[in-house]
Amino acid sequence: MAFKAFLETKGRKTGKIHKVELLVVRYNNRFYFSRRNPNGDWLKNAIENHDVTVSFDGQSFAGKANLVTDISLNKKICHLKYEDEKRASEERIVLEVDCS
């Protein structure tokens, strides 16, 4: 269920647009990105500046990014993203992008 998409964020220090290709899961009409640790610039940027854009297959979706605090949703996203049970069970920080 995971696929590659570009996440565009506004730099928290520079204010410049940053674009990174990541694995993403689309679930309940929202996009979910995840990391094992909070050190990624894209994650820090999205937390600081919630307005982001997700793009893939010639489509772009503007949305608001927020961290997932619901533990069961976090686990669900990890299992949708990774087929390997070991990776799916790792604790991750999940970012939700609502484009509605």
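The buried residues of helix α1 pack against six strands: β1 (3-10), β2 (17-27), β3 (30-35), β4, β5 (59-67) and β6 (93-98). This description rests on a predicted model. The points below cover the helix, one of its buried residues, a residue of strand β4, and two loop residues with a positive phi.

**Helix α1**
- Four residues of α1 are buried: Trp42, Leu43, Asn45 and Ala46.
- Viewed along the axis of α1, these buried residues fall within an arc of 165 degrees, so they line one face of the helix.
- The strands that the buried residues of α1 pack against include β4 and β5 (59-67).

**Ala46**
- Ala46 belongs to helix α1, which covers residues 41-48.
- Ala46 has a relative accessibility of 0% and therefore counts as buried, the cut-off being under 20%.
- Apart from neighbours within four places in sequence, the contacts of Ala46 are Thr9, Val52, Ala65 and Leu95.
- Among these contacts, Thr9 falls in the range of β1 (3-10), Ala65 in that of β5 (59-67) and Leu95 in that of β6 (93-98).
- Val52, another contact of Ala46, falls in the range of β4, residues 51-56.
- Ala46 and Gln59 are 13 residues apart along the chain, and their C-alpha atoms are separated by 20 Å.

**Ser55**
- Ser55 is part of strand β4, which spans residues 51-56.
- The relative accessible area of Ser55 is 8%, so this residue is buried.
- Leaving out residues up to four places away in sequence, Ser55 touches Ala5, Phe6, Glu8, Lys19 and Ser60.
- Of these, Ala5, Phe6 and Glu8 fall in the range of β1 (3-10), Lys19 in that of β2 (17-27) and Ser60 in that of β5 (59-67).

**Loop residues with a positive phi**
- Most residues other than glycine have a negative phi.
- Asn28 is not a glycine, yet its phi is positive, at about 50 degrees.
- Asn28 sits in the loop between β2 and β3.
- Asn28 counts as exposed because its relative accessibility is 58%, and the cut-off for exposed is over 50%.
- Asp57, also not a glycine, has a positive phi of about 50 degrees.
- The loop between β4 and β5 holds Asp57.
- With a relative accessibility of 71%, Asp57 counts as exposed.

Conventions: Residues numbered from 1 in each chain as written. Predicted model: local features only at pLDDT ≥ 70, side-chain atom pairs only at ≥ 80, totals over all residues. Heavy atoms only, no water. Buried < 20%, exposed > 50% of the residue type's maximum accessible area, 1.4 Å probe, protein only. Contact = heavy atoms within 4.5 Å. Arc of directions from axis to C-beta.
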